[in-house]
Amino acid sequence: MAKKDEQTEPQPLPSPRLLPWHSAAVSQLRQAWSANRLPHAILVQGAEGLGKSSFAAWLAAAVLCEKSTPESLDVCGSCASCALIKAGSHPDLHWVAPEEDKTQLSVDLVRAACEKLSKTSFRQGYKVAVIEPAHQMTPGAANSVLKTLEEPSRGSLLVLLTSRPSGLLPTVRSRCQKLTIARPTEAEAMAWLQQVSGKSVSPALLAFSGGAPLRALAYADGQFEALNQHMLKSLRDLLSGDADVTQVAAEWEKDALIDRLVWLDLWLSSLARAGIAGTDERVTFPGGPAHLPSPSRPLNISALYSMVDRTRALKAQLARTALQRELAVESWLIALLEALAPSYKGGAPMARAS
């Protein structure tokens with residue numbers, strides 16, 4: 001594990017790579033740059049899997065690049081500054097991320113980076129600090145950022161990256177220029193995924209990934225299909241009475257529980273929409289053929305949406321607090337069976353499972 005004072009030194013950056021859906025944000029920055037109105041603090045927000053880190057790396061490299069002119073903000077890749085960034089040793093760039101095995105950004109890490117923004121530039125240019133993920137700063141760290149935002153130094157740029165802007169102090173958000181990395185359209189994302197992966201990617205995978213291409217790419221090597229098949233098998237076994245909630249909860253808790261909850265959120269939402277449309281024979285994950293038995297009676301749409309809310313609440317709880325995960329999943333499964341049982345013939349197997 002790196003020591004705290006080491007973490008505030010310039011770190012090797014993510015690749016300063018722009019992706020097709022970054023174009024609107026890049027255009028906004030270049031307009032501000034050419035008008036000499038680049039803000040001293042930028043909040044880069046967007047879902048996971050949209051390349052916020054590589055975008056911030058490009059922004060930092062472009063601001064520090066010796067060949068960027070008042071008319072052009074870009075990365076030449078060949079000047080001394082670009083070489084230092086590539087080597088992870090640029091003295092005016094400070095990238096702050098959680099220490100190994102920790103989820104929060106400590107006050108020591110953030111305060112040290114903010115202090116460096118207040119000092120003179122080593123290379124007579126900009127000083128840049130990037131903090132990611134900003135919503136994981138401790139209260140003390142957030143207060144250090146707030147002080148820097150209230151008293152910015154000349155030629156400094158603070159970049160905060162987050163997928164959860166609501167997790168930041170309102171006073172921090174209000175003092176930053178917001179820059180949103182938007183999701184590409186489904187057609188744009190599918191075209192990019194096919195180009196990069198060299199194979200067709202199912203719309204179901206993109207749906208599972210929340211429309212975020214980089215997240216989808218990470219699952220494109222068969223992980224999603226394996227998860228999909230396992231979830232369908234678990235649900236089939238529950239509905240038929242071949243498995244009980246204790247068994248299924250133990251399996252889910254041990255492996256990719258958050259991904260399973262994302263899958264369940266999408267599945268239940270799809271099931272509810274299909275029930276409203278009167279096509280509830282598609283009791284399956286969005287984008288795939290029916291794998292589960294069709295209900296014999298109309299589904300309780302209100303109960304399904306209640307389960308969607310419960311799924312999202314459980315996912316949020318797992319991210320924030322330490323729960324008895326297996327017991328929490330068992331409770332969720334019992335509620336699911338109670339919501340679905342009336343729609344299936346002789347819901348006895350499901351009652352026994354609960």
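**Close-up views of a predicted model**

**View 1. Gln124 counts as exposed, with a relative accessibility of 70%.** The model shown here and in the other views is predicted. Gln124 sits in the loop that runs between helix H5 (107-117) and E3. Its phi is positive, about 55 degrees, although Gln124 is not a glycine. The relative accessibility of 70% is over the 50% cut-off, so Gln124 is classed as exposed.

**View 2. Ala256 has a positive phi in the loop between H12 and helix H13 (257-277).** The phi of Ala256 is about 50 degrees, and this residue is not a glycine. Ala256 counts as partly exposed because its relative accessibility is 35%, a value between the 20% and 50% limits.

**View 3. The peptide bond between Glu132 and Pro133 is cis.** The omega angle of this bond is about -15 degrees. Pro133 belongs to the loop between strand E3 (127-131) and helix H6 (139-150).

**View 4. Helix H2 has a buried side and exposed residues on the other side.** H2 consists of twelve residues. From its first C-alpha to its last it reaches 16 Å, close to the 16 Å expected at 1.5 Å a residue. The buried residues in H2 are Ala25, Val26, Leu29, Ala32 and Trp33. These residues lie on the same side of H2 because they cover an arc of only 125 degrees around the axis. In an α-helix there are 3.6 residues a turn, so residues three or four places apart point the same way. Ala24 and Gln31 are exposed on the other side of H2. The cover over the buried residues of H2 includes E1, helix H3 (52-64) and strand E5 (177-180). After H2 comes Asn36, which has a positive phi near 60 degrees.

**View 5. Trp21 and Trp192 form an edge-to-face aromatic pair.** The whole structure holds seven aromatic pairs. A pair of aromatic rings is described by the distance of the centres and the angle of the planes. For Trp21 and Trp192, the centres are 5.1 Å apart and the planes make an angle of 85 degrees. Trp21 is in the loop between helix H1 (4-7) and helix H2 (23-34), while Trp192 is in helix H8 (residues 186-197), so the pair ties together parts that are 171 residues apart in sequence. Trp21 and Trp192 are both buried.

**View 6. Trp252 and Trp332 form a tilted aromatic pair.** Their ring centres are 6.4 Å apart, with 55 degrees between the planes. Trp252 is in helix H12 (residues 245-254) and Trp332 in helix H15 (residues 325-340); the pair links distant parts of the chain, 80 residues apart. Both Trp252 and Trp332 are buried.

**View 7. Trp332 of helix H15 is shown with the residues it touches.** Trp332 counts as buried because its relative accessibility is 2%, under the 20% cut-off. Leaving out residues up to four places away in sequence, Trp332 touches Trp252, Leu264, Leu268, Met307, Arg310, Thr311 and Leu314. Val245 is 87 residues from Trp332 along the chain, and the C-alpha atoms of these two residues are 9.1 Å apart.

**View 8. Phe208, Tyr219 and Phe224 make up one aromatic cluster.** This view shows the three members of that cluster.

**View 9. Model confidence varies among the elements of the protein.** The mean pLDDT of the protein is 85, and 87% of the residues score at least 70. Strand E1 (residues 41-45) has the highest mean pLDDT among the elements, 98, and helix H16 (residues 348-353) the lowest, 34. The pLDDT is below 50 over residues 1-11, a stretch with 28 contacts in the model beyond near neighbours in sequence. Residues 345-354 also stay under a pLDDT of 50, and the model has 18 contacts for them beyond four places in sequence.

**View 10. The whole protein has 16 helices and five strands.** Of the 354 residues, 48% are buried. Among contacts with a separation of 6 or more, 72% are between residues 24 or more positions apart. The accessible surface of the protein is about 16,900 Å², and carbon and sulfur atoms account for 51% of that surface.

Technical notes: Residues are numbered from 1 along each chain as its sequence is written. This is a predicted model: local features need pLDDT of at least 70, side-chain atom pairs count only at pLDDT 80 or more; totals for chains, interfaces and linings use all residues. Side-chain values use heavy atoms; hydrogens and water are left out. Helices (H or I, at least four residues) and strands (E, at least two) are DSSP runs, numbered from the N terminus. Buried means under 20% relative accessible area, exposed over 50%, partly exposed in between (1.4 Å probe, protein chains only). Contact means heavy atoms within 4.5 Å. Accessible areas come from the Shrake-Rupley method with a 1.4 Å probe; for residues, only the protein chains shown count as cover. pLDDT is the predictor's confidence in each residue, from 0 to 100. Rings of Phe, Tyr and Trp (its six-membered ring) pair if their centres lie within 6.5 Å; planes under 30 degrees apart count as stacked, over 60 as edge-to-face and the rest as tilted. The expected span of a helix is 1.5 Å times one less than its number of residues. The arc is that of the directions from the helix axis to the C-beta atoms.
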